[in-house]
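Colleague: Could you take a close look at one part of this model, starting from a single helical residue, and follow the neighbourhood outwards from there? I would like one connected account.

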Amino acid sequence: MRQKMDWYPLYNSLRIAAVSTIVVFFSGIFAAYYVARLPRLLKGILDVLLTLPLVLPPTVVGYFILLVLGPRHPAGALFLELFDVKLVMTWYSGIFAAVVVAFPLMYRTARGAFESFDQTLAYSGQTLGLSNTYIFWRIRMPACRQGILAGTVLAFARALGEYGATSMVAGYTPGRTATISTTVYQLWRTNDDALAMKWVLVNLGISAVVLLAVNFLERKER
């Protein structure tokens, strides 16, 4: 008997992707801005460390997250003891996985935008007595907005489609931790190809919108 379409995975995937994108937006911009100003050697070392999740298999990323957030490991045990809160196998566990895998995309894109910024604009602002904070938010960010927006969209898309790390950290529980990606795998595993195809089409539709947004931003930048 075929299952009915349960829209919880879409809702859960969207909220995980939205929260994750907000986190990586600020953390990625912060890291990109300060790393871009460092000496070449230190910049290269930090570049490798911050970009590593982009090239590691997602299951390896999930394993490292479990080593930190698992109930028998440092952060997980601390939260469980002090607040009686589990950091794995819950819906918000997917946020941890999505942040880790999406961060490198935001970081690399933002760093490229900052490095292409015309530094004379910042120097001009300083000669006018403007604060570094004002220069960053009112001069640097508007000048780099296309790259920042593209990185944000890509980070959202990556977080929305995350599977490997999410399946290890959050698992699959219908109505609780299920996402689009884990639902597709579960439906395929149980031979419900028709419903799996519906979710694949939903994912394709969202991905197409994301790619159109990225292409629009690139054309606008050119």
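Modeller: A helix here is a DSSP run of H or I at least four residues long, and helices are numbered from the N terminus. On that basis Thr51 belongs to helix α2, which covers residues 40–55. Note that the model is predicted.

Thr51 has a relative accessible area of 11%; the limit for buried is under 20%, so Thr51 counts as buried. A polar atom of the Thr51 side chain is 2.6 Å from the backbone oxygen of Asp47. Apart from neighbours within four places in sequence, Thr51 is in contact with Pro104, Tyr107 and Arg108. Helix α5 spans residues 93–115, and α5 is the next thing to consider.

The largest nonpolar core has 37 residues, and α5 supplies the largest share of them, 10 residues. Elements giving two or more residues to this core are α1, α5, α7, α8, α10 and α11. Ile29, Phe114 and Ile148 touch the most other members. Leaving out residues up to four places away in sequence, Ile29 touches Val24, Met106, Ala110, Phe114, Phe136, Met141 and Ile148; two of the residues with the most core neighbours, Phe114 and Ile148, are thus in its list. As a general matter, nonpolar side chains in soluble globular proteins tend to be buried together.

There is also a second, separate core of 9 residues, which includes Ile65, Leu69, Val88 and Ala165. Helix α3, residues 58–69, leads into this region. Leu66 lies in α3 and touches His73, Val88, Met168 and Val169, with residues up to four places away in sequence not counted. Val88 is therefore both a neighbour of Leu66 and a member of the second core. Leu66 has 21% relative accessibility and counts as partly exposed; core members have to be buried. As for its distance from α1, the C-alpha atom of Leu66 is separated by 24 Å from that of Ala31, 35 residues away along the chain.

The C-terminal end of α3 meets α4, residues 74–83: the two axes come within 3 Å and cross at roughly 45°, so α3 and α4 are oblique to each other. Leu67, Val68 and Leu69 of α3 make the contact with Pro74, Ala75 and Gly76 of α4. By type, these residues divide into 5 nonpolar, 1 polar and no charged. Leu69 appears here as well as in the second core.

After α4 comes a loop to α5, and Asp84 lies in it. Most residues other than glycine have a negative phi. The phi of Asp84, by contrast, is near 55°, a positive value. Asp84 counts as exposed, at 64% relative accessibility.

A second case of positive phi is Asn191, at about 65°, again not a glycine. Asn191 follows α10 and sits in the loop between α10 and α11. Asn191 is exposed, with a relative accessible area of 67%. Within α10 itself, Ile180, Ser181, Thr182, Thr183, Gln186 and Leu187 are buried, and α10 is one of the elements giving two or more residues to the core of 37.

Key:
Residues are numbered from 1 along each chain as its sequence is written. This is a predicted model: local features need pLDDT of at least 70, side-chain atom pairs count only at pLDDT 80 or more; totals for chains, interfaces and linings use all residues. Side-chain values use heavy atoms; hydrogens and water are left out. Axes are lines fitted to C-alpha atoms, for helices over the stretch in contact, and angles run from 0 to 180 degrees between N-to-C directions. Angles under 35 degrees count as roughly parallel, over 145 as roughly antiparallel, 65 to 115 as roughly perpendicular and the rest as oblique. Contact means heavy atoms within 4.5 Å. Ala, Val, Leu, Ile, Met, Phe, Trp, Tyr, Cys and Pro count as nonpolar, Asp, Glu, Lys and Arg as charged, and the others, Gly among them, as polar. Buried means under 20% relative accessible area, exposed over 50%, partly exposed in between (1.4 Å probe, protein chains only). A polar contact is a pair of N or O atoms within 3.5 Å; within protein, one must be able to donate a hydrogen and the other to accept it, and residues adjacent in sequence count only if both atoms are side-chain atoms. A nonpolar core is a set of buried Ala, Val, Leu, Ile, Met, Phe, Trp, Tyr and Cys residues joined through side-chain atoms within 4.5 Å.
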